[in-house]
Amino acid sequence: MHTFQKVSEARLGQIAENLSSHLSSPFTVCLWGDLGAGKTTFCRTLIRSLCPHVDHVPSPTFTLIQEYVSSRGAVWHCDLYRLKSMDEIEELGLLDALHDKICLIEWPERLGHFLPENRLDLRLTIAADLTRTIEMQCQGAVYIDFNCL
Ligand SMILES: Nc1ncnc2c1ncn2[C@@H]1O[C@H](COP(=O)(O)OP(=O)(O)OP(=O)(O)O)[C@@H](O)[C@H]1O
Ligand SMILES: [Mg+2]
């Protein structure tokens, strides 16, 4: 596991941008953390970096999924906070997407046993001084050199 301490919003954007250059489909990033921790902020910068032609990256709070097209393949930005049932995961096409798209998933705990084995876990916590602590861990066959971020 790698821990980034005292992460400002600017530094968080830099990490997201650096990470984007290491992604190609299929790849899953699971973003863990409380309300307001910075999950969407991270995804927004990562998506802008992968899809420079996109100028609006809304939070998928109500749509659950926003899809983008990038030169590295389709990108799905998912916010599963309002997922109503486990059945919805399959109905939305998320299980297929996990196999062939770049998936950025907020509230991945909602996936339960569908949480993919191969993924990058990114946990955001808000420090007392309001900077963020980011813990990153590769799971399964995923490898990212954290020193490049
Ligand atoms: N160092 C930082 N990193 C990320 N966001 C920061 C930082 N400092 C302040 N912020 C602010 O914190 C807020 C984070 O909100 P964001 O929507 O990204 O959180 P979230 O984790 O997606 O929440 P939710 O669970 O509601 O989807 C933004 O308003 C952002 O400007
Ligand atoms: Mg969010």
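Two strands count as paired if DSSP finds at least two bridges between them. By that rule, strand β3 (residues 65-70) and strand β4 (residues 73-79) of this predicted model are paired in the antiparallel sense, over 6 bridges. A hairpin of 2 residues joins β3 to β4. Within this pair, Val69 stands opposite Ala74 of β4.

**The sheet**

The two strands belong to an open sheet of 7 strands, in which the order is β1-β7-β6-β2-β5-β4-β3 and the pairing is mixed. The edges are formed by β1 (2-7) and β3, each of which pairs on one side only. On average, neighbouring strands of the sheet are turned by 15° against each other, direction ignored. Strands of a sheet pair through backbone hydrogen bonds, in either the parallel or the antiparallel sense.

Both senses are represented in the table below, which sets the hairpin pair beside the pair formed by β2 and β5.

| Strand pair | Residues | Sense | Bridges |
|---|---|---|---|
| β3 and β4 | 65-70 and 73-79 | antiparallel | 6 bridges |
| β2 and β5 | 27-32 and 102-106 | parallel | 5 bridges |

In the parallel pair, Phe27 has Ile102 of β5 as its bridge partner.

**Leu31 in strand β2**

Strand β2 also contains Leu31. Is Leu31 buried or exposed? Leu31 is buried, because 25 other C-beta atoms lie within 10 Å, and the cut-off for a buried residue is 20 or more.

Which residues is Leu31 in contact with, leaving aside its neighbours within four places in sequence? They are Lys39, Phe42, Cys43, Leu104, Ile105, Glu106, Leu122 and Leu124. Among these, Leu104, Ile105 and Glu106 fall within the residue range of β5, 102-106. Lys39, Phe42 and Cys43 fall within the range of helix α2, 39-50. Arg82 is 51 residues from Leu31 in sequence, and their C-alpha atoms are 15 Å apart in space.

**The surroundings of ligand 1**

Lys39, a contact of Leu31, is also one of the closest residues to ligand 1. How many residues surround ligand 1? There are 17, and the closest are Glu9, Gly38, Lys39, Thr40 and Thr41. By class, the shell has 5 nonpolar, 7 polar and 5 charged residues.

Two helices, α1 (9-20) and α2 (39-50), each supply at least two residues of this shell. The largest share comes from α2, with 3 residues. Helix α2 thus appears in both settings: its range, 39-50, takes in Lys39, which is in contact with Leu31 and is among the residues closest to ligand 1.

Technical notes
Residues numbered from 1 in each chain as written. Chains lettered and ligands numbered in written order. Predicted model: local features only at pLDDT ≥ 70, side-chain atom pairs only at ≥ 80, totals over all residues. Helix = DSSP H or I, 4+ residues; strand = E, 2+ residues; numbered from the N terminus. Near = placed C-beta within 6 Å. Nonpolar A, V, L, I, M, F, W, Y, C, P; charged D, E, K, R; others polar. Axes fitted to C-alpha atoms, helices over the stretch in contact; angles between N-to-C directions. Buried ≥ 20, exposed ≤ 12 C-beta atoms within 10 Å, placed from the backbone. Contact = placed C-beta atoms within 7 Å.
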